[in-house]
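Hello,

Here is the structure we talked about. Please open it and keep it in view while you read my notes.

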Amino acid sequence: MSQTFWTVVFAAGAAQGLFLCGALLLRRSRNRLATRILGAIVGVATAMIVGGAVGSSLPTQWGQLLTFLNINTELAIGPCLYLFARALLHPDRSLTRRDTLHFLPLILGMLGWATTWLILGDIVRRDLFLDHLWIIPIYVLLKATWLFVYVAKTHRILRSDALVSRLHAAGRRPVRLAWLRHGLLVAASLAGTIYVTDFAGRFGISPPFNADAYGSLVLAVMIYMMSFMVLQRPWVLSLRVRPAATVDLSDEVARLNDHLERQRPWLRPDLG
C-alpha cells in the first residue's frame, strides 16, 4: 500500500512536471528567457524523478548507464536558478555564450561518467564502482558545494529587488521577490537533507526512510511549488522595468489656462 501510494505521488509529480515544462517552453511571454529557464528547471527535476523510477526496469547495463548519467543531472539546477534570477531582474537580457559556461561541469560530468561506464565494461565492476566508499561521497560533496554556491549567488541577486523598480504586468503594484528568496532557501534546505541522508547511507547509517524515495519526494514537492508559483503569480514571468516619469503636461496646462480665461472662476461669489 505504501509503495503504491508513493508510486502514485511520484507519477503525478512527473506528469505535472512534463506538462508544466512543455507549457513554459511553449508559452509566449514578455520575459521569454525567464520562462524558458524555469521550464528547464522543471525539466531537470522531472528527468531526475523519471530516471530514478525507470532505471530498475531497464536491462542491467542500460540501467547502470542511466545511473551514471543521472548522477550528474543536478549540476544543472544551480546554474539554472542563477540565470533565472538574473532574467527576472533584467527581462530584456538574452542568453550569451558566457552564460553557457555555467553548464560546462554538467557536460564534462556526463562525458566523464559515460566514459567511466565504457571503461569498466562489466556489470559487476560498475556496481562495485557505484558502491565505492569514497568515490561517490566525494563526488556528492562536490555537487553539493556546486549547488549551494549557486544558491547563495541567486539569493544575493534576489535581495537586490528592492533597488530595482518593477511593476505588475498590469502596472498596478510593485513586485516583491522576498517570497521567492524564502522558497529558494526552503528548497536548498530540503536538498541539504538529501545529501546528508546520502552520506549517512554510504557510511552505514541507515535513515528511518528510503533515501531514494525521499529525494524523489523533494523533487516532486519542488515541481508542485513551481506549479503553484506559475498559477498564483504568472506576472513574475513578465516583469518589466518601470518607465521613466516623462509625462507631457502641456495639454493640461493649456486646458487650465483656457478655463481660467473663459470662466473666470475667481469672480464667482460662492467660490470657497
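A residue is called exposed when its relative accessible area is over 50%, and buried when that area is under 20%. Leu-142 has 54%, so it counts as exposed. Bear in mind that this is a predicted model.

Leu-142 sits in helix H8, residues 135–158. It helps to make a nonpolar surface patch of about 520 Å². The other members are Leu-133, Trp-134, Ile-138 and Phe-203.

Now look at helix H4, residues 77–89. Its first and last C-alpha atoms are 19 Å apart, close to the expected 18 Å. Twelve of its 13 residues are buried. Among them are Cys-80, Tyr-82 and Phe-84.

Next, the salt bridges. Side chains of opposite charge can pair when their charged atoms come close. There are three salt bridges in the structure:

- Glu-74 pairs with Lys-143, with 3.2 Å between the closest N and O atoms. This pair links distant parts of the chain, the loop between H3 and H4 and helix H8. Both residues are buried.
- Asp-99 pairs with Arg-86, with 3.7 Å between the closest N and O atoms. Asp-99 is in helix H5 and Arg-86 in helix H4. Asp-99 is buried, at 3% relative accessible area. Arg-86 is partly exposed, at 24%.
- Arg-262 pairs with Asp-258 at 2.8 Å, N to O. They are four residues apart in helix H11, so about one helical turn separates them. Arg-262 is exposed, at 63%. Asp-258 is partly exposed, at 35%.

Best wishes

How values were computed
Residues numbered from 1 in each chain as written. Predicted model: local features only at pLDDT ≥ 70, side-chain atom pairs only at ≥ 80, totals over all residues. Heavy atoms only, no water. Patch = residues over 30% accessible without salt bridge, like charges linked within 9 Å, V, L, I, M, F, W, Y side chains within 5 Å. Areas by Shrake-Rupley, 256 points an atom, 1.4 Å probe, with all protein chains shown as cover. Salt bridge = Lys/Arg side-chain N within 4 Å of Asp/Glu carboxyl O. Helix = DSSP H or I, 4+ residues; strand = E, 2+ residues; numbered from the N terminus. Buried < 20%, exposed > 50% of the residue type's maximum accessible area, 1.4 Å probe, protein only. Expected span 1.5 Å × (residues − 1).
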